[in-house]
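Reader: Please take one part of this model and look at it closely. I want geometry, burial and contacts, in short sentences.

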Amino acid sequence: AILIGLAYRYAPSIPKALFEQVALVGLVFTIIGANALSSKSEKIKLPLSQWLPKLLLAPGLYCLFQLLSNSDYAGSYSENASSITVGTVTILALLSVTPNPIKKVVIAGIFLCRIAFILIGVEELFYLGCGFTSSLYQGICHMVTDEEATLIAHENKGATNELALEYAHVVYFPNIALETLYNKIVVGSAQNSSKK
């Protein structure tokens, strides 16, 4: 909770490239650390030649988006920010009602949100794209460990009740954490200053 609070407080002063670099390093160390700390029976089951290219997808995406961010197109459509934002969210919403939407929405979300951010500079699209990218990183970790992701397993089984519970879990609890942080940081500091 402290790290979330610090990230929330200091995010405007942290360069976006640093956010992504930390995420990439975290991904690599998570996979290496999990493999080193696990028992022999739980170590990475796939040979290096099968999981290393999947792991290299993450820095590849980072490099692609950095190249696009430094191109002449960056910020060139800022006058159309509302239309592009609405279009991006509409496409993602439409994809979410298709059968087995998880992989489609994650991949589309990564590219649509990031490209829209590069074109118009709306920061919310950057962070939304980072959310989709983190889902991809989690999927890469599942591939590397040869373990099926929970949402995809429920989706493949057609288990809509379990899928609904998973969605509630990933939406409801982070919101409670953010509300608690807000109450402690903003409301708590306002109450403390009024007592003085």
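Author:
**Helix α5 and its surroundings**

At 1.5 Å a residue, the 19 residues of α5 should span 27 Å, and the end C-alpha atoms are 26 Å apart, which agrees. The model is a predicted one. The helix does bend: α5 has a kink of about 25 degrees, centred on G109.

Start with the approach. A loop runs between α4 (81-96) and α5 (102-120), and N100 lies in that loop. Its phi is positive, near 50 degrees, and N100 is not a glycine. Most residues other than glycine have a negative phi. N100 counts as partly exposed because its relative accessibility is 43%.

Now the exit. G121 comes just after α5 and takes a positive phi of about 80 degrees. A positive phi also follows α7: there G158 has a value near 75 degrees.

Next, the packing. The largest nonpolar core has 26 residues. Those with the most contacts inside it are L27, I110, L125, F132, L136 and Y137. Helices α2 (16-37), α3 (48-69), α4, α5 and α6 each supply at least two residues of this core. The largest share, 10 residues, comes from α5. In soluble globular proteins, nonpolar side chains tend to be buried together.

L136 shows contacts in detail. Leaving aside neighbours within four places in sequence, L136 is in contact with V106, I107 and I110, and also with L57 and L61.

What about the aromatic rings? The structure holds 3 aromatic pairs. In one of them, the rings of F117 and F126 have their centres 5.2 Å apart and their planes at 55 degrees, so the pair is tilted. F117 counts as buried, at 15% relative accessibility. F126 counts as buried too, at 2%. Another pair joins F126 and Y127: centres 5.1 Å apart, planes at 80 degrees, so this pair is edge-to-face. Y127 has 31% relative accessibility and counts as partly exposed. Ring pairs thus link F117, F126 and Y127 into a cluster.

One polar detail belongs to α6. T133 has its place in this helix, residues 123-144. A polar atom of the T133 side chain lies 2.8 Å from the backbone oxygen of G129. T133 counts as buried, with 12% relative accessibility.

To sum up α5: the end-to-end span agrees with the expected 27 Å, the kink is centred on G109, and 10 residues of the largest nonpolar core come from this helix.

Notes: Residues are numbered from 1 along each chain as its sequence is written. This is a predicted model: local features need pLDDT of at least 70, side-chain atom pairs count only at pLDDT 80 or more; totals for chains, interfaces and linings use all residues. Side-chain values use heavy atoms; hydrogens and water are left out. Helices (H or I, at least four residues) and strands (E, at least two) are DSSP runs, numbered from the N terminus. Buried means under 20% relative accessible area, exposed over 50%, partly exposed in between (1.4 Å probe, protein chains only). A polar contact is a pair of N or O atoms within 3.5 Å; within protein, one must be able to donate a hydrogen and the other to accept it, and residues adjacent in sequence count only if both atoms are side-chain atoms. A nonpolar core is a set of buried Ala, Val, Leu, Ile, Met, Phe, Trp, Tyr and Cys residues joined through side-chain atoms within 4.5 Å. Contact means heavy atoms within 4.5 Å. The expected span of a helix is 1.5 Å times one less than its number of residues. The bend at a residue is the angle between axes fitted to the seven residues ending there and the seven starting there. Rings of Phe, Tyr and Trp (its six-membered ring) pair if their centres lie within 6.5 Å; planes under 30 degrees apart count as stacked, over 60 as edge-to-face and the rest as tilted.
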